[in-house]
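Please open the structure in your viewer and keep the sequence beside it, since each stop of this tour asks you to select something and then look around it.

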Amino acid sequence: MNVNLINKYIITMNNSTQKSYYQVGGCLPRNSPNYVKRQADEDLYKNLKISEFCYVLNSRQMGKSSLQVRTIKRLQQEGVSCVAIDISEIGNRGVTPEQWYAGILRILENNFNLSEYVNIRTWWRERNYLAPVQRLSEFIETILLTRIQNNIVIFIDEIDSILALDFPVDDFFGFIRSCYNKRANNQEYNRLTFALLGVSTPQDLCQDQNSTPFNIGRAIELTGFKFDEALSLVDGLVEICQQPEEVLKEILSWTNGQPFLTQKVCKIIIENGTVIVNPKIELEEIIKSKIIHNWEAKDIPEHLKTIRDRLFRKDERIVRRLGLYQQILQNDLTGIVADDSPEQMELRLSGLVVRRDRKLTVANPTYAKVFHEEMINEELEKLPPYSTKIKAWLYSNCEDKSYLLQGEDLQSALVWAAGKSLRNQDFQFLTTSQRLVLDAQIEALESTKIETKKAQTEVTKAQQKAKRWISIGSAILGTSLVLSIGFSLLAYQRFRLAQSSREIEQTGTDALLLAMFKKSTTNQALFEALPKAISAGQRLKDLVNSNIPLAEYPATRPILALQMILDKLDEQKQFEDSFLQKRKIILQGHQGAVTSVKFRPNRDILASAGVDGKVIIWNFEGKKITEWQTEQKSVNNLIFHPNGQYLATAGSDGTVKIWNLLGEKLYVLEISQTEVNSISFSADGKYLATSGIDIPIQIWNVSSSPITILSDSILNDNGLIRAVSFSPNGNFLATLDGKSTIRLWNISENQFQTLNVQAISMNFSISQPQLLLTATSNGVVELWQISTGKLMNNFQSLHLDTKLISFSPDGELIATVGIDSIVRLWNLSGRQISQFEFMENVISISFSSDSKKIAVAGSNGKIWLRSVEDLDELLSKSCSFLVGKPNYFMRVVEFCQS
């Protein structure tokens, strides 16, 4: 050991007047040599200098107050006038709004030396006809901004103390927001900005979702010390070790740079009086003996006890909070996905866990040793997770059902109650809760049963495939190490993909169920569900790219969740003027049912026809371009010619009429005295097929300039023919008769083959002309190879009684309609993508040429024109919506920025 080093250290320790280099707790002085400058120092300083509103909301003892002191010093050196208001000093319990707002004015008066310009007491009393917040606003505009000519920054520290006030404080945050908004009309407000600091979340601070400043503020992230940032701490270690930088690294390995804990460990090392030779071994011994073992007695100043109190706080979320932390401990290497739920934010604000790379992990090894899994298990054993709700339920004489448990709350309660001796009240409460949710869940569970099995089956297949690759890699190991490594990597990638897909699908399902089951007049359930869906959607987006077909997406439930949540929000009156309304347009112009709706090929217009005998041409904004009466009694079917220049209508009077888009009649084809049900143009537009009741299927030769139609051939198929449809390549004609039989006709040979299916609807794929899509009445969707008549794929939809089916032109989506008036969209693998619910009976559906819109015709004369949004669009619209709800937007700001 270096004798000179030891002697130097002894001399230093014997100097009784020497003060410790390190400070544990409290705000560091302006010129403290052991202050650690972090990225947050630059971020806060630069943003405030350009008058950005900022907030630093983090756990206690992370250095917020010291950051404030340093930032004020830097700003003042630049000529910026600053004031620091500590909300906790104004008081909270028993303080009236008058006293509280007057206290703020008093601090402003004193700090900016405004007493020579105004007597604050007199000024305040003269305006007692105004609300306190109005007086504060007037003071800022007429006194502060006129007397202080520099830029002004108002720091508000301990902002979380505002939660203890006995009156609502949303007006205070509304005032801060108004200061920002006034910049548009009053340039003086560009000189004023605010910085909020405290231990809270934006959603906790403001109860009113529509009046909060946090959508205008910039969040400043305050993280632990990094090694290169913390080098200023080395100066205090040079006297007790030969390698102070190595000692610092070992300290940070135990604290992960948590400021309070890092300073405390450094100070303990100095006060320990022992020269450190082996940092790794000796540091572990010091930390365990001085901090971890019997920690409650050694926690001075309090730090770990503060975390403990927040972790074990007896409130309605304690079981979820502890269960979440337990889950984080059990996944200490990988962490869990961060979704900024209230429970996750509580853990983060306690300082116990941190967010790194979209994962929540324990903040540092020291905390993990103190707050270990056994402690959490013991605490969970003691707690009834429903104590608050059962108390309220009993107080209502067991009548108020709103206090009964549902969803995750009920599941947590049942897990906790298992094996315990319960009171009669507990047993009655849990039993009644179960009965309440049973009826509500049974229908939804049935509808999601098929989807869940599909997801599980695909994940199982992926895992089995991964295992096969692992086996292959192992078998080749003896002959080729390089190949085995390649196979093993591929196997691992497949396994991780399967695992990630399952997690994403489950998160999407959770968001969907939250939106479906929880009823909330304040939309809280939907607001809670949307961030979860965004989180799952962004993770799904990270797994796929634009080159991956929708059919190969490893999960789709996040897409469905996003779409349905936005739809439910769209239905709320309070969002009537929001951009959500543009996702769906209602077209009204028919009297009675709309029997057919079609998009014009490669154009932004659509046509509709109905039982009123009218045809209406619409643009995509929902405005009528033209309309006319066909004089066919009722129009049963409408189709555009492939060139888009004219259209044909099939009437109940037995005629088919050809029209230009101005409503001018070009040709009348009189076919029968009975109804014509279905018509179809061939892809080249040279042929027209017609069918009806007790009339043969006829193929007509169509010529243009002028339009003439001549009989070409008759197919030997009589009786009721529901539908006829040419294949996109023109080689086949599919027919669907009244007995649900589908025949594929080879037109040139007048021969057919019958598909082995009892179908209720059929449709060809434009992008894949060799495929025919069919649906049975019991909801089975099937894909057929038309050249061979072989079944290629099938899946079970959620419709028990299917009516209609349609392929999107890009071949990515399948639309199904049931008697439940729900339109569901699926990918080709049978995973549900979207769900559109209607109150009226759906009669006709049609995709636009680009597959971006779908038109749905109803029995009440309405047509719904809907956007078909992909994952990117849904994420963008969801994030845009939450921008106006900053309490929830803060949970997904990282996902939305990406």
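The stops below go from the whole chain to a core, some loops, a sheet, a hairpin and a disulfide.

**The whole chain**

Begin with everything shown, and bear in mind throughout that this is a predicted model. The chain has 898 residues, of which 53% count as buried, and its secondary structure comprises 26 helices and 35 strands. If you switch on a surface display, the accessible surface comes to about 41000 Å², and carbon and sulfur atoms account for 49% of that area. Among the contacts in the chain with a separation of 6 or more, 58% are between residues 24 or more positions apart.

**The largest nonpolar core**

Next, select Ile269, Tyr325 and Phe371, which are the residues with the most contacts inside the largest nonpolar core, a set of 53 residues. To see where this core comes from, colour the elements that give two or more residues to it: the helices α10 (244-255), α11 (259-272), α12 (279-292), α14 (304-311), α15 (318-330), α17 (365-370) and α18 (373-382), together with the strand β8 (359-362). Which helix gives the largest share of this core? It is α15, with 7 residues.

Now centre the view on Ile269 and display its surroundings, leaving aside residues up to four places away in sequence; Ile269 touches Ile240, Val247, Ile251, Ile276, Leu283 and Ile286. In soluble globular proteins, nonpolar side chains tend to be buried together.

Another core lies apart from the largest one, and you can find this core of 52 residues by selecting some of its members, including Ala529, Leu566, Ala815 and Leu825.

**Three loops with backbone details**

Return to the helices coloured a moment ago and select Asn256, which lies in the loop between α10 and α11. The phi angle of Asn256 is near 50°, a positive value in a residue other than glycine. Is Asn256 buried or partly exposed? With a relative accessible area of 33%, Asn256 is partly exposed.

Move along to Pro301, in the loop between α13 (295-298) and α14, and show the backbone that leads into this proline. The peptide bond from Ile300 to Pro301 is cis, with omega near -10°.

The third loop to visit runs between α19 (387-395) and α20 (407-417), and the residue to select there is Cys398. Cys398 also has a positive phi, near 60°, although this residue is not a glycine, and its relative accessible area of 30% makes Cys398 partly exposed.

**An open sheet**

Select β18 to β21 and look for an open sheet of 4 strands, which follow one another in the order β18-β19-β20-β21 with antiparallel pairing. At the edges stand β18 (676-681) and β21 (708-715), and because each has a single partner strand, one side of each is left without a neighbour in the sheet. From one strand to the next, the twist averages 25°.

For a more detailed view, keep β20 (residues 697-703) and β21 on screen, which pair in the antiparallel sense over 7 bridges. Which residue of β21 is the bridge partner of Val702? Selecting both residues shows that the partner is Ile709. Strands of a sheet pair through backbone hydrogen bonds, either parallel or antiparallel.

**A hairpin**

Another place to look at strand pairing is the stretch with β16 (residues 655-660) and β17 (residues 665-670), antiparallel strands joined by 5 bridges. These two strands form a hairpin with 4 residues between them, and Gly663 in the turn has a positive phi of about 90°. To follow one of the bridges, select Lys657 together with Val668, its bridge partner in β17.

**The disulfide and other cysteines**

Finally, select Cys879 and Cys896, which form a disulfide with their sulfur atoms 2.0 Å apart. Cys879 lies in helix α25 (residues 871-883) and Cys896 in helix α26 (residues 886-897), so the link ties together parts that are 17 residues apart in sequence. The link of Cys879 and Cys896 is left-handed, with -85° about the S-S bond, and Cys879 is buried, with a relative accessible area of 10%. The count of disulfides comes to 1.

Two further cysteines are worth a look before you close the view: Cys54 is buried, with a relative accessible area of 2%, whereas Cys27 is partly exposed, with 35%.

How values were computed. Residues are numbered from 1 along each chain as its sequence is written. This is a predicted model: local features need pLDDT of at least 70, side-chain atom pairs count only at pLDDT 80 or more; totals for chains, interfaces and linings use all residues. Side-chain values use heavy atoms; hydrogens and water are left out. Two strands pair if DSSP finds at least two bridges between them. Axes are lines fitted to C-alpha atoms, for helices over the stretch in contact, and angles run from 0 to 180 degrees between N-to-C directions. A nonpolar core is a set of buried Ala, Val, Leu, Ile, Met, Phe, Trp, Tyr and Cys residues joined through side-chain atoms within 4.5 Å. Buried means under 20% relative accessible area, exposed over 50%, partly exposed in between (1.4 Å probe, protein chains only). Contact means heavy atoms within 4.5 Å. Accessible areas come from the Shrake-Rupley method with a 1.4 Å probe; for residues, only the protein chains shown count as cover. A disulfide is a pair of cysteine sulfur atoms within 2.5 Å.
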